[in-house]
Amino acid sequence: DRDARAKASTVIKNLSIYRRLPVQTIDCDPELYAFLMRNPEVVVNLWQVMGITKMRLGRVDPAHYNVADGEGTKGQMEYLFTSGNVNVIYSEGTYDGPLYPRTVRGKCLMLLRRDYRRGATGRYTIVTQLDTFLAVDNLGVEVLARTFQPLIGKAADHNFTETANFVSNLSSTAETNEGGLLRLGRKLSRIDAPTRERFLELVSAVPQKLAMAQ
């Protein structure tokens, strides 16, 4: 809509960094994948229960989130557009940390695209591509290029790869250890009950669908 286009245009017109992250190809149940992409607070809460992140992600409404990475970055995230194969995500916020002596403010636009491919055995492969556009306020281009761009690029590539692998591992765990994943899912205390129940339903459906396909 008009408001979403205005937010996206603001980032593009004031672009500081663009990066296309490495394409990720994973094995994953497509319904589980789509659910997790649309409900990222489930992934973050799983990480919290497992003790592997300082990140916080809180849903404000169906399209908006408050987010903090635990390392100095915090802000708001919004889904501007969602379809079967595309998400357009916008965020804005600040960084206060050791990399720069002053508060850094910025806006980010992310274009997440995916392609579902079904093999002869009924298993799905999902090919995911992420383009990121970053507009940083009041920071010299030279400082940005020298200090932030290599770090942001390396961190973004690593996080995208690790998150894709985690989602793939969730799907494979649902096949091989459904009970263990259900027990883990029931410990999710920072998401609402309907979202948690839907996650548990999708976990239980993975081995059933695979058996039917085979």
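## Exercises on a predicted model

C28 counts as buried, at 4% relative accessibility. Keep in mind as you work that this is a predicted model.

**Exercise 1.** Sort C28 and C108 by burial, then find how many disulfides there are.

*Solution.* Start with the cut-off: buried means under 20% relative accessible area. C28, at 4%, is therefore buried. C108 has a relative accessible area of 15%, so this cysteine is buried too. Now for the bonds: a disulfide needs two cysteine sulfur atoms within 2.5 Å. By that rule the count is zero.

**Exercise 2.** Classify the ring pair Y33 and Y116, and work out which parts of the chain the pair ties together.

*Solution.* The whole structure holds five aromatic pairs. In one of them, the ring centres of Y33 and Y116 are 6.3 Å apart and the planes meet at 85°, so this pair is edge-to-face. Next, place the residues: Y33 belongs to helix 2 (residues 30-38) and Y116 to strand 7 (residues 100-118), so the pair joins parts 83 residues apart in sequence. Finally, check burial. Y33 is buried, at 4% relative accessible area, whereas Y116 is partly exposed, at 24%.

**Exercise 3.** Do the same for F35 and F199.

*Solution.* The centres are 6.4 Å apart with 20° between the planes, and the pair is stacked. F35 sits in helix 2 and F199 in helix 6 (residues 193-213), which puts the partners 164 residues apart. Both F35 and F199 are buried.

**Exercise 4.** Look at two arginines: which ring does R38 lie over, and what is the nearest side chain of opposite charge to R196?

*Solution.* R38 lies over the face of Y79, 4.2 Å from the ring centre. R196 is part of helix 6. The nearest oppositely charged side chain to R196 is E197, 4.4 Å away. A salt bridge calls for a distance within 4 Å, and R196, although buried, has none. Beyond its neighbours within four places in sequence, R196 contacts G185, R186, L188 and I191.

**Exercise 5.** Describe the surroundings of K107: is this lysine buried or partly exposed, and which residues does K107 touch?

*Solution.* Begin with its place in the fold: K107 is in strand 7. With 22% relative accessibility, K107 counts as partly exposed. Leaving out residues up to four places away in sequence, K107 touches T10, V11, Y90, S91, E92, F133, L134, A135 and D137. For D137, the C-alpha to C-alpha distance from K107 is 8.3 Å, with their positions 30 residues apart in sequence.

Key. Residues numbered from 1 in each chain as written. Predicted model: local features only at pLDDT ≥ 70, side-chain atom pairs only at ≥ 80, totals over all residues. Heavy atoms only, no water. Phe/Tyr/Trp six-rings, centres within 6.5 Å; stacked < 30°, edge-to-face > 60°. Helix = DSSP H or I, 4+ residues; strand = E, 2+ residues; numbered from the N terminus. Buried < 20%, exposed > 50% of the residue type's maximum accessible area, 1.4 Å probe, protein only. Lys NZ or Arg CZ within 6 Å of the ring centre and 35° of its normal. Lys, Arg positive; Asp, Glu negative; His and termini not counted. Contact = heavy atoms within 4.5 Å.
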